[in-house]
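Here is a friendly walk through one model, written for someone who likes cut-offs stated up front. Have the coordinates open as you read.

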Amino acid sequence: MRYEHALTPGRWIALLLAALAATFYVLAMSFSRGGFVSMIVVLAVLFVVERRNRALLATGATIAGVLAVIMPAIYWKRVMSLVDAARDLSIDHAVLVRVETIRVALVLGFRHPFFGVGIENFIYQAGRFIPYVKDVHNALLQVFAELGLPGLAALVAVFAWNFRVTVRM
């Protein structure tokens with residue numbers, strides 16, 4: 001008996017398009033502004049890398065247009081609030097809190113450069129500097145504050161290695 005693969009190229013494309021649509025749907029439901037910007041950057045990089053693939057560019061542009069039209073207006077209002085936050089930081093509490101936690105992460109990282117404050121200890125230590133308990137929302141700074149320069153160097157090495165592998169492709 002011969003085994004035939006159930007996922008033909010057409011089905012793979014349909015599956016990938018469904019996954020992309022689901023990703024954008026979940027992103028819109030999360031109201032994440034940073035996630036929106038990150039997804040735009042990832043798609044832009046994909047289009048630059050695959051710029052010779054006309055079918056991908058046409059399909060991607062069509063999907064992006066459809067998604068732009070069907071996204072709820074309240075989501076666009078949330079994304080456009082980034083422009084307001086860029087003009088005046090004190091307008092947006094979420095951005096203000098993140099900027100303060102970034103500052104505290106830098107302070108903790110520079111005060112404890114060799115070993116950091118310990119894994120999972122950022123929130124406890126940050127409470128000495130700011131009145132609210134939040135993560136940094138920045139993986140590099142979180143690692144720097146919790147693990148110091150050795151942890152940051154290890155993370156940057158992983159990124160560099162993955163970038164090198166990607167460039168070789």
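The report below goes through helices, surface, side-chain pairs and backbone angles in turn.

**Ground rules**

This is a predicted model, so local features need pLDDT of at least 70 and side-chain atom pairs count only at pLDDT 80 or more, while totals for chains, interfaces and linings use all residues. Residues are numbered from 1 along each chain as its sequence is written, and side-chain values use heavy atoms, with hydrogens and water left out.

**Helix H1 and its two sides**

Let us start with helix H1, which runs over residues 9–30; helices here are DSSP runs (H or I, at least four residues), numbered from the N terminus. H1 has 22 residues and spans 31 Å from its first C-alpha to its last, close to the 32 Å expected at 1.5 Å a residue. That expected span is 1.5 Å times one less than the number of residues in the helix.

Which residues of H1 are buried? They are Phe 24, Leu 27 and Ala 28, where buried means under 20% relative accessible area, exposed over 50%, and partly exposed in between (1.4 Å probe, protein chains only). These three sit on the same side of H1 because they cover an arc of only 105° around the axis; the arc is that of the directions from the helix axis to the C-beta atoms. Tyr 25 and Val 26, on the other side of H1, are exposed. An α-helix has 3.6 residues a turn, so residues three or four places apart point the same way.

**A nonpolar patch on the surface**

Next comes the surface. Val 37, Val 41, Val 45, Val 49 and Leu 82 form a nonpolar patch there, with about 390 Å² of accessible area together. A patch is made of residues with over 30% relative accessible area and no salt bridge, with nonpolar side chains (Val, Leu, Ile, Met, Phe, Trp, Tyr) joined within 5 Å and like charges within 9 Å. The areas come from the Shrake-Rupley method with a 1.4 Å probe, and for residues only the protein chains shown count as cover. Helix H2 (residues 33–49) gives the most to the patch, with four residues. Val 49 belongs to H2 and is exposed, at a relative accessible area of 58%.

By contrast, Val 79 in helix H4 (residues 73–87) is buried, with a relative accessible area of 7%. The C-alpha atoms of Val 79 and Thr 166 are separated by 30 Å, the two residues being 87 residues apart along the chain.

**Side-chain pairs**

How many aromatic pairs does the structure hold? It holds one. Phe 110 and Phe 144 meet edge-to-face, 5.3 Å centre to centre with 75° between the planes. Rings of Phe, Tyr and Trp (its six-membered ring) pair if their centres lie within 6.5 Å; planes under 30 degrees apart count as stacked, over 60 as edge-to-face and the rest as tilted. The pair links distant parts of the chain, with Phe 110 in helix H5 (residues 93–111) and Phe 144 in helix H7 (residues 139–168), 34 residues apart. Phe 110 is exposed, at 62% relative accessible area, whereas Phe 144 is buried, at 5%.

A search of the whole structure also finds one salt bridge, meaning a side-chain nitrogen of Lys or Arg within 4 Å of a carboxyl oxygen of Asp or Glu. Arg 103 forms this bridge with Glu 100, and the closest N and O atoms are 3.1 Å apart. The two residues are separated by about one helical turn because they lie three residues apart in helix H5. Arg 103 is partly exposed at 37% relative accessibility, and Glu 100 is partly exposed at 24%.

**Loops and positive phi**

Most residues other than glycine have a negative phi, and most peptide bonds are trans. Two loop residues with positive phi are listed here.

| Residue | Phi | Loop | Relative accessibility |
|---|---|---|---|
| Glu 120 | about 65° | between H5 and H6 (122–126) | 62%, exposed |
| His 137 | near 65° | between H6 and H7 | 56%, exposed |

Phe 31, which follows H1, has a positive phi near 60°. Ile 119 lies in the loop between H5 and H6 and is exposed at 59% relative accessibility. Ile 119 and Val 143 are 24 residues apart in sequence and 8.3 Å apart in space, C-alpha to C-alpha.
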